[in-house]
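The following explanation is intended to be read alongside the sequence and the coordinates. Please keep both in view while reading.

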Amino acid sequence: VLLAGDEMYVNLNLTKYILEFKIKKEDKLTKDYSFKHFSNYFYSLTIPEGYHVEYIPDNINLVNDKYSSAIEYNLEGNQIKYKHYIKLDFLTLDKEEFSVFNDFIDKLDGAFKESIVLKKDAN
């Protein structure tokens, strides 16, 4: 949480380990992983009394035959519900797939930097 003036910035992207899967330039032929990966994360944020929602990040849905991820925000009463799933359904990526996979990781990284903005109510 970051407080700046009458605004509160809250980033609900608490699990960012997927960024470690990004393929490095020195990987030349194939990239092998030890396991497939499936995760679901659910968080909720109760909007503090005296604040209202100023901004909620856009939902994202990234889909590929081998991997996908979605982040969804829903405002329900005085709570923001956050859902994030990740599916990595492969053990090996070939060199031709590196660029597209890294683009996928980069899009997630961009989404991870998005924060909810709550603004203090005017008295």
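The paragraphs below treat an open sheet and then two buried residues.

The model is a predicted one: local features need pLDDT of at least 70, side-chain atom pairs count only at pLDDT 80 or more, and totals for chains, interfaces and linings use all residues. Residues are numbered from 1 along each chain as its sequence is written, and side-chain values use heavy atoms, with hydrogens and water left out.

The sheet comes first. Four strands form it in the order 1-2-10-5, with antiparallel pairing, and the sheet is open. Strands here are DSSP runs of E with at least two residues, numbered from the N terminus, and two of them pair if DSSP finds at least two bridges between them. Strand 1 (2-4) and strand 5 (51-55) stand at the edges; each has a single partner strand, so one side of each is left without a neighbour in the sheet. On average, neighbouring strands of this sheet are turned by 30° against each other, direction ignored; the axes behind this angle are lines fitted to C-alpha atoms, and angles run from 0 to 180 degrees between N-to-C directions.

The pairings of strand 10 can be followed residue by residue. Strand 2 (residues 7-10) pairs with strand 10 (residues 116-120) in the antiparallel sense over four bridges. Within this pairing, V10 has I116 as its bridge partner, and M8 has L118. Strand 5 also pairs with strand 10 in the antiparallel sense, over four bridges, and here H52 is bridged to K119.

Attention now turns to two polar side chains. S68 lies in strand 7 (residues 67-76). With a relative accessibility of 6%, S68 counts as buried, because buried means under 20% relative accessible area, exposed over 50% and partly exposed in between (1.4 Å probe, protein chains only). The side chain of S68 makes a polar contact of 3.0 Å with that of Y85; such a contact is a pair of N or O atoms within 3.5 Å, where, within protein, one must be able to donate a hydrogen and the other to accept it, and residues adjacent in sequence count only if both atoms are side-chain atoms. Beyond its neighbours within four places in sequence, S68 is in contact (heavy atoms within 4.5 Å) with L62, V63, Y85, I86, K87 and F104.

H84 belongs to strand 8 (residues 79-88). At a relative accessible area of 2%, H84 is buried. A polar contact of 2.9 Å joins its side chain to that of S69. Apart from neighbours within four places in sequence, H84 has contacts that include S39, N40, Y41, S69, L108 and F112.
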